[in-house]
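Colleague: I am new to this model and would be grateful for a close look at its interior. Please explain which parts are buried and what they pack against.

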Amino acid sequence: MVRKIISIDESKCTGCGLCVSACHEGALGIVDGKAKLLRDDYCDGLGNCLPICPTGAIAFDERGSHAEQSQVEPSQNQTAPARTHLSHWPVQIKLVSVNAPYLNDANLLVAADCTSYAYGNFHNEYMKNRITIIGCPKLDEGDYSEKLTAILKQNSIKSVTIARMEVPCCGGIENAVKKALKNCDKLIPWQVVTISTDGRVL
């Protein structure tokens, strides 16, 4: 998939490090006195680093990341439509009612938005027989932990699975669920599943 990824003109870079601080994904670093894109698959294409650069050394390129370019193309023989395991609506954490009837006695999956796109068999392996609620801690305003605490307190949740990407910003959703588990005053079994940016379970 071709997408926007930053490029750095080292001849203009002074190594000030402002872009590294501005990058919320941890994609940039300073190497030998110059800014470097260390992980192009971490680059989200939002360009927070562009306006902060005092010398204009950063620009956008349209290309696939190294991880995407190295992936093997999927088989073209798979023509049968995949079955959905989504059993309820809405699924956004901020829109789900804490008293929704499908939450009672549920095995809960709290997933970062990107996980179902990055991992091809997400429905079958993680959503099946679970109630799924999703969010993006980077793009959504506020902290999920208060809402999640209310969900855990007011419903008989059997288990919690956290699905997140390997990128640093996804730590927000993991931390919110852990905080909610701590604050709900219940012993609920939980696990974390981490998906890599090239579609593997880590």
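Modeller: Helices and strands are taken here as DSSP runs numbered from the N terminus, where a helix is H or I over at least four residues and a strand is E over at least two. By that convention the protein chain contains six helices and eight strands, and from the N terminus on they run β-α-β-β-β-α-β-α-α-β-α-β-α-β. The model is predicted, so local features need pLDDT of at least 70 and side-chain atom pairs count only at pLDDT 80 or more, while totals for chains, interfaces and linings use all residues. Residues are numbered from 1 along each chain as its sequence is written, and side-chain values use heavy atoms, with hydrogens and water left out.

Two figures describe the chain as a whole. A residue is called buried under 20% relative accessible area, exposed over 50% and partly exposed in between, with a 1.4 Å probe and protein chains only. Of the 202 residues, 41% count as buried. A contact means heavy atoms within 4.5 Å; of the contacts with a separation of 6 or more, 73% are made by residues 24 or more positions apart.

The interior is best approached through its nonpolar core. In soluble globular proteins, nonpolar side chains tend to be buried together. A nonpolar core is defined as a set of buried Ala, Val, Leu, Ile, Met, Phe, Trp, Tyr and Cys residues joined through side-chain atoms within 4.5 Å. The largest such core has 52 residues, and those touching the most other members are Leu108, Val110, Phe122, Ile133, Leu148, Leu152 and Val160. At least two residues of this core come from each of strand 1 (3-8), strand 5, helix 4, strand 6, helix 5, strand 7, helix 6 and strand 8. Ile133 illustrates the packing: apart from neighbours within four places in sequence, Ile133 is in contact with Val91, Ile93, Val96, Leu108, Leu109, Val110, Ala111, Leu148 and Ile151.

Two helices can be followed in detail. Helix 5 (residues 145-154) has Ser145, Leu148, Thr149, Ala150, Ile151 and Leu152 as its buried residues. These pack against strand 5 (107-112), strand 6 (131-135), strand 7 (159-165) and helix 6 (171-183). Helix 6, in turn, buries Gly171, Ile173, Glu174, Ala176, Val177, Ala180 and Leu181, and its buried residues pack against strand 5, strand 6, helix 5, strand 7 and strand 8 (190-195). Helix 6 has 13 residues and reaches 18 Å from its first C-alpha to its last, close to the 18 Å expected at 1.5 Å a residue; the expected span is 1.5 Å times one less than the number of residues. Asp185, which follows helix 6, has a positive phi near 60°.

Strand 7 also contains a polar residue, Ser159, which is buried with a relative accessible area of 17%. Its side chain and that of Asn107 are joined by a polar contact of 2.7 Å. A polar contact is a pair of N or O atoms within 3.5 Å; within protein, one must be able to donate a hydrogen and the other to accept it, and residues adjacent in sequence count only if both atoms are side-chain atoms. Not counting residues up to four places away in sequence, Ser159 touches Ala106, Asn107, Leu108, Ile188 and Pro189.

The aromatic rings complete the picture. Rings of Phe, Tyr and Trp (its six-membered ring) pair if their centres lie within 6.5 Å, and the planes count as stacked under 30 degrees apart, edge-to-face over 60 and tilted for the rest. Two aromatic pairs are found in the whole structure. Tyr119 and Tyr126 form a tilted pair, 5.9 Å centre to centre with 55° between the planes. Phe122 and Tyr126 form a tilted pair as well, at 5.6 Å and 45°. Phe122 and Tyr126 are separated by about one helical turn, because they are four residues apart in helix 4 (residues 122-127). Ring pairs thus link Tyr119, Phe122 and Tyr126 into a cluster. Each ring belongs to a buried residue: the relative accessible area is 12% for Tyr119, 11% for Tyr126 and 2% for Phe122. Phe122 is also among the core residues that touch the most other members.
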